[in-house]
Structures are given as C-alpha cells and as structure tokens.
Amino acid sequence: MLILKNARNVSGEKIDVLIDKGIIQDIRLSGGCKAGGVPSVFKTEGKAIGGTSGFAAGREIDLEGKILMPGIIDLHTHMRDPGLTHKEDFYTGSRACAKGGISFFFDMPNTVPPTVSEAALSEKIQRARKSSIVHCGFHFGASNEDNVEEIEKVIKSGAAVSTKVFLNESTGLMLIRDSELLKRVFKAGGLIFVHSENEMIDTAVELNARYGRGLYICHISSRREMEAVIKAKQNPELNNKDHPIYAEVTPHHLFLTESLRSESPRQDMLLRMKPELKTQSDADFLMQAIKDGFVDTIGTDHAPHTLEEKLSKLCFGIPGVETSLALMLTAAHQGLIDINTVQKLMCENPAAIMGLAKKGKLLAGFDADIIAVDPDKEWTLTACDIESKCKWSPYEGRRFTGKNIMTIVGGKIVYENGRFKIDGQDGTDYGNRF
Ligand SMILES: [Zn+2]
C-alpha cells in the first residue's frame, strides 16, 4: 500500500492518493480542509485508514505540493529491439521512458526482423516482457509483400490493435505503393497508424473513410500538412465515429527547427529525421493547432541511433522519450500551453485512442500508473543524464523548467529522484504487456 500525500492535480487541487494492488483506490481532496486541518481519511474496503498514525503497513510519501499526473502514454517509439539493440533495447528504452515520465510506450514494427508476422510479434512480446520496466504495447506492421493474413490473425487475437503503414519512403519492405494492397490493409488492420507526408495525408484519409476503422496520422510536421488534417477532421464524411482521424505532433517539430542545422556540421548530421524539421512558423502553427484542439496526442517518435552512426552517415531519427514531458512542462511554464492540455495530449487521449479503459486518468478505480512532477524545477540536460543507450540528445545543454521526479507503474515505484527502483534485468515477468 502506498499513500501519496500533499500533492496537487493539474487543476491545482490539493490531493492525497491511496494506491493498493496496483489500483488507485481513493483520491481525497486535502487542501479543501478548513484551517486547523482535518486529517484526510481514506476508506478502502469499508475500513477507514489514513492520517499518519492509522497507517503502518505501507509507505507514505509527502510530495510537498508536487503535481501528480497519470503516467505518460507514448504511442510512437522505436525501441530497436530485436535486431538493432546496439542503438536501444527494451531495458534501456524503458528506463529512459521511466525517467522521462512515460509509464506506457507503444513500439513500432520496423525492427529486424520487422514485426510483420504473428511469430515476430510474439517473439517481440516475449523479449519486452522480460526487460521492460514500464508497460508496453506493439503496433503490427504492414508489409509490401502482402501480409494481410498475418494482420488479420494478430488483430483477431488481440495481440495487436493497430497496424503501422508507411506511405512515404522508409526502410525496405514496409513502404506500400500498391493501392489494392493498401485497401486490404486498411480493412484488416484495426487502427491504422500512418507515416504519410504531404499529399499522402489525403490518400490515407481517403483510404480510412472508405475502408478503414480509424486513422492515426503520425508526426504532422508542417503548416501545410496540419491544414490538410484540420480540413479532413472538420469533414464529417471523412472523420466520424466509424472512421475517426487522430492527429499526432512530436516534440521535435514543436521545439526544434531546421535553422538549427546550420549551426554546425555536427548539428547538420544530428538533426535529421523523417519528416524533417521545418520552420519556426510551421512550429508555431502546430502549437496553435494544439490550442485550437485539432491535435490529439504528443508522440515522441523516439528513434535512437548511436552518435557514431549519426555522425558518420545520414541516419534519420532522434531520441525523445526522456525529454518529451520536460519540453511540454517548459512550454506550460512559458504560458504557451496549459498543463491540463499537456495531460490530455500525453495521457488521456492516447489511452482513449488505444482503448486502454483504466489508464490515462487520475481517478479512483484506474490503474496506478502515476507520475509526480516538479513544475518549477529548473535543470539543464547533459549527456551523462541520458538513460537511452544512444547516450545523446538533441536537447543537450537546453534549460528546462519542470521535471518528472517519480514514476509509478502498476502501483510500484520504478523511478524516484534519479534512481531506479526496479531492475528489469532479473528476468522477472512484470506482466506489463498491454
Ligand atoms: Zn516513427
């Protein structure tokens, strides 16, 4: 049993939270107490416990006014496991998540082998169960060699609920151009996560409206793309209950711009990703779209490569799970966005989109995946802070205001003030697969 005392929620209310058996058992407003302080009392299974005295069996943590949020759910990561584990693996990647405040990540299928068969998916799941210290789920992959039968199998069994489709240039066999095959993939693939840049957004929207059951447009990077998405979202023939459209923006398309690449040859090599960075006015447009309610999620597109790889040849992708929340909290501190919206984009909406009924909200009865953040903590990211196996970040040297200080997954503290509490390499099955 765990009690988190003297915390706040994103609305500023003072709360105490009781956690037991991996579930949020109760949340009590504590600040509303009259002066003199009525001690908060929790009720669980009909028995009153609480205060400092009546509670001995568990741990009580005084959070001194820090903010509690549901754990971040990142729907877009590339953990490189299996096959590319010199860049990242489920152990290092999940530690990076825990540090950054992410309690649940979804992994993309472009690994080696790619996750385009039921067998490859179950192997990946086994690997992740053994080493991830946070919850994880997996997007299945659509192959240009026609794996629709495999897609049908994993969607039917529930091993995956979503299929990633690449409509723009990408690695090897995952780019699909055959329109007949695309129709069948959209029919079979559950929720379709699409890599679609520029005019391919219209193609994806059309396929979803005619054949699909839901479209999640990854990493919208420019004003032009966002305008196309907004137009589609506002059209009830293209965006409706049976064929919803969801829009994802990455932190790097909000907080980095292409002009940074000209700072040095090194930056020019490091700051390359798909889609590429755009201009400040594109980034401003994306932020405005967030404020206007057109963006559903912040997904990191965490795609680590080693520094050696990045500097020796052109590799697309940058790490992101350790910095996404800090970037958004910093934006909140600067008044660019409010923290309620941060919680909506990073916790509530991702849970709803993936059908995770008991996740994404700080409510009694929900899973105890919780983070504590210090919204006023000023800090600078340095290379030695980095948990990701790639050991670099495009945000090194950046000043942040706001930091994750504790990550609780399934009622267990996995990370607290710079230290990891759960090993993840002891072969324990944490049962943390979605
Ligand atoms: Zn990606």
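**An open parallel sheet and a zinc site in a predicted model**

Let me begin with the sheet, in which 6 strands, paired in the parallel sense, form an open arrangement in the order S11-S12-S13-S14-S15-S16; strands here are DSSP runs of E with at least two residues, helices are runs of H or I with at least four, both numbered from the N terminus, and two strands pair if DSSP finds at least two bridges between them. Strand S11 (140-141) and S16 stand at the edges with a single partner strand each, so one side of each is left without a neighbour in the sheet. Helix H4 (residues 179-188) packs on this sheet and touches strand S12 (162-166), S13 and S14, its direction making about 160° with that of S12; such angles run from 0 to 180 degrees between N-to-C directions, with axes fitted to C-alpha atoms, for helices over the stretch in contact, and contact means heavy atoms within 4.5 Å.

I should say that this is a predicted model, in which local features need pLDDT of at least 70 and side-chain atom pairs count only at pLDDT 80 or more, while totals for chains, interfaces and linings use all residues. Residues are numbered from 1 along each chain as its sequence is written, and side-chain values use heavy atoms, with hydrogens and water left out.

Now to the metal: which residues are the protein donors of the zinc ion? They are His76 (NE2), His78 (NE2) and Asp301 (OD), lying 2.1 to 2.2 Å from the ion, where donors are N, O and S atoms within 2.8 Å of the metal (3.2 Å for Na, K and Ca), and, since water is not among the atoms, sites may look incomplete. His78 lies in the loop between strand S8 (72-77) and helix H1 (90-100), and Asp301 in the loop between strand S16 (297-298) and helix H10 (307-312), so the pair ties together parts that are 223 residues apart in sequence. His78 is buried at 7% relative accessibility, and Asp301 is buried at 8%; buried means under 20% relative accessible area, exposed over 50%, and partly exposed in between, with a 1.4 Å probe and protein chains only.

Finally, the charged pairs: the whole structure holds 25 salt bridges, each a side-chain nitrogen of Lys or Arg within 4 Å of a carboxyl oxygen of Asp or Glu. Returning to helix H4, Lys183 and Glu180 both lie there, 3 residues apart, about one turn of the helix, and they form a salt bridge with the closest N and O atoms 3.0 Å apart. Elsewhere, Arg261, Asp268, Arg272 and Glu276 are linked in a network of salt bridges.
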